[in-house]
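The report below reads a single chain from its covered parts outward to its overall form. Please keep the structure in view while reading.

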Amino acid sequence: MRARDRILTALALGGWGAFIAWFGMSGAPHQLAKDFSWPWRAARILLAGHDPYQAIQATGPYPFNVGMFYPLPAGLIAIPFAPLAPALAGGLFVGLSGAALGWAVTRDSPHRLWLFASAPFCMAALLGQWSPILTAAALLPALQFACAAKPNIGLVAWLYRPSWRGAAGAVALVALSLVLLPQWPREWFEALRAAPRYRGPAFSLLGAFTLLAALRWRRREGRLLLGMALVPQLALFYDQLPLWLVPSTWARSALLSALSWVAWFQWYPSHALPSS
């Protein structure tokens, strides 16, 4: 695909993600930027010279129901969005993430474009989650600094295409966060004590078969699948978006997207939107 076509495709896909995010967030202004509210609020609090882990506490319904569960680098990345209204900030964050992901997949794997029609992408866009930018980071090492914002999925993204440059970017972001707020790791771990406990799929009876991915650890897809089997993640669909880097054909990618909606329609009637 020519560079011009890639740019136009990436912009269109970013616009698709931004629309989903803005539609969900502007329709519920009391929920601010949904899950992106935590990094967005943390960025604003940092700019005001205060400690986000002290200022963000459980005070009401979602998204004010829990403390700051994100590491401080998430707040640093959100600083450019801090001056914006919540829905605009969340929509722009998702739009840029989607555009980066679209640019990445059209380079040499256009069959992965089906991921933009998947339940995990739509859920990530609706809730202002990090999986689109982290999936892009798996393909573009220059974006791997963002892995520090959500280390569980970030580690999986880095394992897909390990890069010293990407690791250095993440380490530099963490170092900057420590300069600004040296005590944040301790406060973050204290906040996580109140978080629900989740495990990777491999730690369940039905999911244990995913450990067979270790037999293909030399392949990127094998490392990614093994990492996704082991790291803790929410069963709310958005964390699973990196799995769309595994299918190798149009048909397999389309089938995975279709099956994701079958699973979503089985899951959704008995679950409310996430509370954290």
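## A covered helix

In this predicted model, helix H7 is mostly covered, with nine of its nine residues buried. The buried residues of H7 are Ser131, Pro132, Ile133, Leu134, Thr135, Ala136, Ala137, Ala138 and Leu139. What lies over these residues includes H5, H6 and helix H8, the last of which spans 151–160.

## Overall form of the chain

The chain holds 12 helices and zero strands, and its radius of gyration of 18 Å is close to the 19 Å that the globule rule gives for 276 residues, so the chain is as compact as a globular protein of that length. Taken along the principal axes, the C-alpha atoms fill a box of roughly 50 × 45 × 40 Å. Burial extends beyond H7, since 53% of the 276 residues of the chain count as buried.

Contacts that span long stretches of sequence are a marked part of the picture: among those between residues at least 6 apart in sequence, 71% join residues at least 24 apart. The accessible surface of the chain comes to about 13,000 Å², and carbon and sulfur atoms account for 71% of that area. As for charge, the chain carries 21 positive and 8 negative charges, and the mean positions of these two sets are 8 Å apart.

## Aromatic pairs between loops

A search of the whole structure finds 17 aromatic pairs. One of them is formed by Phe36 and Phe81, whose rings are 5.8 Å apart centre to centre and meet edge-to-face, with 85 degrees between the planes. Phe36 lies in the loop between helix H1 (3–26) and helix H2 (37–47), whereas Phe81 lies in the loop between helix H4 (72–77) and helix H5 (86–108), so the pair ties together parts that are 45 residues apart in sequence. Phe36 and Phe81 are both buried.

Tyr70 and Trp130 form another aromatic pair, this one tilted, with 6.5 Å from centre to centre and 50 degrees between the planes. This pair also links distant parts of the chain, with Tyr70 in the loop between helix H3 (52–55) and H4, and Trp130 in the loop between helix H6 (119–127) and helix H7 (131–139), 60 residues apart. Tyr70 and Trp130 are both buried.

## The ring cluster and its surroundings

Beyond these pairs, ring pairs link Phe237, Trp261, Trp264, Phe265, Trp267 and Tyr268 into a cluster. Phe237, a member of this cluster, lies in the loop between helix H11 (220–230) and helix H12 (250–267), and at 12% relative accessibility Phe237 counts as buried.

Which residues does Ala119 contact, leaving aside its neighbours within four places in sequence? They are Phe237, Ser260, Trp261 and Trp264, so that Ala119, which is placed in helix H6 and counts as buried at 0% relative accessibility, touches residues that include members of the ring cluster. Ala119 and Leu236 are 117 residues apart in sequence, and their C-alpha atoms are 9.7 Å apart in space.

Ser260 lies in helix H12 and, at 8% relative accessibility, counts as buried. Not counting residues up to four places away in sequence, Ser260 touches Ser118, Ala119, Pro120, Phe237 and Trp244. Ala119 and Phe237 thus appear among the contacts of Ser260, just as Phe237 and Ser260 appear among those of Ala119. By contrast, the C-alpha atoms of Ser260 and Val179, which are 81 residues apart along the chain, are separated by 42 Å.

## Backbone geometry to check

Most residues other than glycine have a negative phi, and most peptide bonds are trans. Against that background, Phe237 has a positive phi of about 80 degrees although it is not a glycine. Lys34, likewise not a glycine, has a positive phi of about 50 degrees. Lys34 lies in the loop between H1 and H2, and at 4% relative accessibility Lys34 counts as buried.

Where does the cis peptide bond occur? A cis bond joins Tyr62 and Pro63, with omega about 5 degrees, and Pro63 is found in the loop between H3 and H4.

Methods
Residues numbered from 1 in each chain as written. Predicted model: local features only at pLDDT ≥ 70, side-chain atom pairs only at ≥ 80, totals over all residues. Heavy atoms only, no water. Helix = DSSP H or I, 4+ residues; strand = E, 2+ residues; numbered from the N terminus. Rg over C-alpha atoms; globule rule 2.2 N^0.38 Å. Buried < 20%, exposed > 50% of the residue type's maximum accessible area, 1.4 Å probe, protein only. Contact = heavy atoms within 4.5 Å. Areas by Shrake-Rupley, 256 points an atom, 1.4 Å probe, with all protein chains shown as cover. Lys, Arg positive; Asp, Glu negative; His and termini not counted. Charge placed at Lys NZ, Arg CZ, Asp CG, Glu CD. Phe/Tyr/Trp six-rings, centres within 6.5 Å; stacked < 30°, edge-to-face > 60°.
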